[in-house]
Amino acid sequence: MLREFFYFQRSDRRVLILLLLVLGVAAALFFTLGKQSMTPDATAADSILTPNNYNKGYTYYRHGYNTTPGAPRPVAYYANGRRIERFAFDPNTADSNQLLRLGLRPWQVRNIYKYRAKGGVYRRKEDFARLYGLDAKTYRELEPYIQISPDYQPASSIVNKARTTEDKDTLNQRPKKLAAGETVHLNTADTTLLQRVPGIGSYWARRIVAYRDIIGGFHSREQLKDLEGFPADALAFMQVDDAPLRKININTATLKQLQHHPYINFHRAKAIIDFRRLKGHIKSLDELKMSKDFTPDIIDRITPYIEY
């Protein structure tokens with residue numbers, strides 16, 4: 001019965017032999033074409049490309065890459081059975097398809113998208129090196145292809161450039177300094193005029209004007225010594241004019257108004273308020289001498305700024 005089972009007629013044997021031949025040819029073509037579809041040097045391409053052999057890649061692209069002079073040419077190779085491509089890209093704008101073609105893992109691509117969604121920006125090539133899971137070899141391979149658009153640089157860089165130009169122009173237009181014997185009026189001079197005083201720049205000019213506004217005007221140029229570090233040599237070029245001082249009515253001013261003056265701190269202001277509450281209006285600052293907060297020196301300093 002076994003012999004009868006394997007018995008075929010002549011026509012059946014011919015069909016079977018033809019079928020086996022077709023299968024054999026198909027298998028041969030499959031393995032042959034499968035090997036040819038890979039790069040001839042695919043085994044060698046498994047090693048990471050180095051900067052010296054970027055342009056020795058196995059498949060070059062003719063379209064769609066950065067044509068900037070000196071930019072590395074796009075290249076593709078196979079590593080561990082995976083097609084890896086190298087082409088110029090901006091990590092701030094590259095889409096998921098491009099990032100995957102570069103050889104990044106899907107979870108790394110998701111991290112890039114999350115970073116950008118939170119407002120993160122890659123301003124330098126080195127910023128891309130902080131991508132979680134990116135090893136040093138892969139970064140060195142990608143680094144020549146990273147092309148970050150100037151649009152993603154901080155806006156302050158533009159302002160700083162403009163400011164640098166302005167500073168240069170300002171240096172060329174510095175006000176001429178006063179000669180010996182020349183002076184400026186402290187209570188009316190603006191910052192530009194004050195900068196003509198030898199030893200006074202924009203910083204000290206602003207501080208002088210600000211202090212003048214707080215105390216209500218200068219009655220003596222020696223008051224500038226209240227400013228810590230003030231250049232004493234500059235006093236010779238300053239004089240006090242007859243501009244009226246801004247005074248405080250000691251009998252009507254509030255605690256906040258009193259303590260705002262640099263010569264009247266909180267404790268002195270409170271002493272004035274307590275005196276008014278207990279004894280009425282103040283007719284002279286001498287009435288405050290009983291308070292330890294009002295020494296003769298303090299009374300002399302605040303007298304020009306007090307009215308009754």
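The following legends describe close-up views of a predicted model.

Residues are numbered from 1 along each chain as its sequence is written, and side-chain values use heavy atoms, with hydrogens and water left out. Because the model is predicted, local features need pLDDT of at least 70 and side-chain atom pairs count only at pLDDT 80 or more, whereas totals for chains, interfaces and linings use all residues.

**Figure 1. Confidence along the chain and the segment 37–68.** The average pLDDT of the protein chain is 79, where pLDDT is the predictor's confidence in each residue, from 0 to 100. A score of at least 70 is reached by 78% of the residues. Over residues 37–68, pLDDT stays under 50. For this segment the model has 50 contacts beyond four places in sequence, a contact being heavy atoms within 4.5 Å. Where pLDDT is low, the predicted coordinates should not be read in detail.

**Figure 2. The two sides of helix 5, residues 106–117.** Helices are DSSP runs (H or I, at least four residues), numbered from the N terminus. The expected span of a helix is 1.5 Å times one less than its number of residues; for the twelve residues of helix 5 this gives 16 Å, in agreement with the 16 Å between its end C-alpha atoms. Gln108, Val109 and Ile112 of helix 5 are buried. These three residues lie on the same side of helix 5, because they cover an arc of only 105° around the axis, the arc being that of the directions from the helix axis to the C-beta atoms. Lys114 and Ala117, on the other side of helix 5, are exposed. Here and below, buried means under 20% relative accessible area, exposed over 50%, and partly exposed in between (1.4 Å probe, protein chains only). Helix 4 (96–101) and helix 6 (125–128) are included in what covers the buried residues of helix 5. Just after helix 5, glycine 119 adopts a positive phi of about 95°.

**Figure 3. Salt bridges of arginine 124 with aspartate 127, and of lysine 270 with aspartate 274.** A salt bridge is a side-chain nitrogen of Lys or Arg within 4 Å of a carboxyl oxygen of Asp or Glu; ten are found in the whole structure. Arginine 124 and aspartate 127 meet through their side chains at 3.6 Å, N to O. In this pair arginine 124 is partly exposed, at 47% relative accessibility, while aspartate 127 is buried, with a relative accessible area of 8%. In the second pair, the N to O distance between lysine 270 and aspartate 274 is 3.2 Å. Both residues belong to helix 12 (residues 266–279), and because they are four residues apart, about one helical turn separates them. Lysine 270 is partly exposed at 39% relative accessibility, and aspartate 274 is partly exposed with a relative accessible area of 22%.

**Figure 4. The salt bridge between lysine 289 and aspartate 286, and a network of salt bridges.** The closest N and O atoms of lysine 289 and aspartate 286 are 3.3 Å apart. Lysine 289 has 48% relative accessibility and counts as partly exposed; aspartate 286, at 45%, also counts as partly exposed. Elsewhere, Arg83, Glu85 and Arg101 are joined into one network by salt bridges that share partners.

**Figure 5. Surroundings of valine 197.** Valine 197 lies in the loop between helix 9 (191–194) and helix 10 (202–215). With 0% relative accessibility, valine 197 is buried. Residues up to four places away in sequence being left out, valine 197 touches Lys177, Leu178, Val184, Ala234, Phe237 and Met238. The C-alpha atoms of valine 197 and alanine 236 are 9.3 Å apart, with the two positions 39 residues apart in sequence numbering.

**Figure 6. Aromatic pairs and a ring cluster.** Rings of Phe, Tyr and Trp (its six-membered ring) pair if their centres lie within 6.5 Å; planes under 30 degrees apart count as stacked, over 60 as edge-to-face and the rest as tilted. The whole structure has eight aromatic pairs. Tyrosine 203 and tryptophan 204 form an edge-to-face pair, at 5.2 Å centre to centre and 70° between the planes. Tyrosine 203 is partly exposed, with a relative accessible area of 44%, whereas tryptophan 204 is buried at 12% relative accessibility. The pair of tyrosine 211 and phenylalanine 218 is tilted, because the ring planes stand at 45°, with centres 6.2 Å apart. Tyrosine 211 is buried, with a relative accessible area of 12%, and phenylalanine 218 is buried at 1% relative accessibility. Phe89, Tyr115, Tyr122 and Phe128 are linked by ring pairs into a cluster.
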